[in-house]
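This report is meant for a reader who is new to the structure shown below. The text moves from individual charged pairs to single residues and then to the overall build.

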Amino acid sequence: MTTLSITNLTRGAQLAARVQVAGDGRHRRKGLLGRDRLDEGEGLWIVPCEAIHTFWMRFPIDLIYLDRKHCVVKTRSNVRPWRLSACLRAHSVLELAAGVVRETQTRPGDRLSLEPDK
């Protein structure tokens with residue numbers, strides 16, 4: 001699975017250094033299910049994706065919905081297990097450790113850089 005480093009270009013802040021790409025049906029369906037946590041710097045980019053659920057998850061996450069140009073269209077912080085979230089304008093969604101959105105002050109309108117992890 002491809003791994004990316006994600007930076008908020010608008011804020012000059014790294015969001016995560018090791019983000020896996022869920023770009024096929026199997027990986028999109030599995031998402032973060034079965035994991036106990038996201039370590040610092042980890043995340044999952046689900047593409048394409050307009051909505052997620054946290055059913056059967058064991059920990060809260062932050063969500064960043066992106067358009068096709070990697071511009072933030074919506075954020076959600078500390079989404080607990082057994083929740084639904086959607087953004088019909090989104091092309092993809094980043095699932096990150098709870099607290100990343102707040103710590104980096106990521107907001108709608110911010111532009112992100114998604115680069116292959118080196």
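In this predicted model, Arg 35 counts as partly exposed, with a relative accessibility of 27%. The side chain of Arg 35 meets that of Glu 42 in a salt bridge, with 2.7 Å from N to O. Glu 42, in contrast, counts as buried, because its relative accessibility is 18% and the limit for a buried residue is under 20%.

**Salt bridges**

The pair of Glu 42 and Arg 35 belongs to a group of salt bridges, of which a search of the whole structure finds four. Among them are the three listed here.

| Acidic residue | Basic residue | N to O distance |
|---|---|---|
| Glu 42 | Arg 35 | 2.7 Å |
| Asp 39 | Arg 37 | 2.7 Å |
| Asp 110 | Arg 11 | 2.9 Å |

Asp 39, the partner of Arg 37, has a relative accessibility of 31% and counts as partly exposed.

The salt bridge between Asp 110 and Arg 11 links distant parts of the chain, for its two residues are 99 residues apart. Asp 110 lies in the loop between helix H2 (100–104) and strand E9 (112–116). Arg 11 lies in the loop between strand E1 (3–8) and strand E2 (13–22). How accessible is Asp 110, buried or exposed? Asp 110 is buried, with a relative accessible area of 2%. Arg 11 is partly exposed, with a relative accessible area of 38%.

**A buried acid without a salt bridge**

Asp 62 is found in strand E5, which covers residues 61–66. This residue is buried but has no salt bridge. Which side chain of opposite charge is nearest to Asp 62? It is that of Arg 102, at 7.0 Å. A salt bridge requires a nitrogen and a carboxyl oxygen within 4 Å, so the pair of Asp 62 and Arg 102, at 7.0 Å, does not qualify.

The side chain of Asp 62 does have polar atoms close to backbone nitrogens. The backbone nitrogen of Asn 78 lies 2.7 Å from a polar atom of this side chain, and the backbone nitrogen of Val 101 lies 2.8 Å from a polar atom of the Asp 62 side chain. Both Asn 78 and Val 101 also appear among the residues in contact with Asp 62, once its neighbours within four places in sequence are left aside. Other residues in that set include Arg 76, Ser 77, Leu 94, Glu 95, Gly 99 and Arg 102.

**Further residues along the chain**

Thr 54 lies in the loop between strand E4 (51–53) and strand E5. With a relative accessible area of 0%, Thr 54 is buried. Leaving aside its neighbours within four places in sequence, Thr 54 is in contact with Ile 61, Val 79, Arg 80, Pro 81, Trp 82 and Arg 83.

Thr 7 has its place in strand E1 and counts as partly exposed, at 25% relative accessibility. Beyond its neighbours within four places in sequence, Thr 7 is in contact with Ala 13, Gln 14, Leu 15, Arg 111, Leu 112 and Ser 113. Between Thr 7 and Leu 88 there are 23 Å in space, C-alpha to C-alpha, and 81 residues in sequence.

Glu 103 lies in helix H2 and counts as exposed, at 57% relative accessibility. The C-alpha atoms of Glu 103 and Leu 15 are separated by 9.0 Å, while the two residues are 88 residues apart along the chain.

**The protein as a whole**

How many helices and strands does the protein contain? There are two helices and nine strands. From the N terminus on, these elements run β-β-α-β-β-β-β-β-β-α-β.

The C-alpha atoms fill a box of roughly 35 × 30 × 25 Å along the principal axes. A compact globule of 118 residues would have a radius of gyration near 13 Å, and the protein agrees with this because its own value is 13 Å.

Of the 118 residues, 45% count as buried. The accessible surface comes to about 6600 Å², and 48% of this area belongs to carbon and sulfur atoms. Of the contacts with a separation of 6 or more, 64% are between residues 24 or more positions apart.

Note on methods. Residues numbered from 1 in each chain as written. Predicted model: local features only at pLDDT ≥ 70, side-chain atom pairs only at ≥ 80, totals over all residues. Heavy atoms only, no water. Helix = DSSP H or I, 4+ residues; strand = E, 2+ residues; numbered from the N terminus. Buried < 20%, exposed > 50% of the residue type's maximum accessible area, 1.4 Å probe, protein only. Lys, Arg positive; Asp, Glu negative; His and termini not counted. Polar contact = N/O pair within 3.5 Å; in protein donor to acceptor, adjacent residues only side chain to side chain. Contact = heavy atoms within 4.5 Å. Rg over C-alpha atoms; globule rule 2.2 N^0.38 Å. Areas by Shrake-Rupley, 256 points an atom, 1.4 Å probe, with all protein chains shown as cover.
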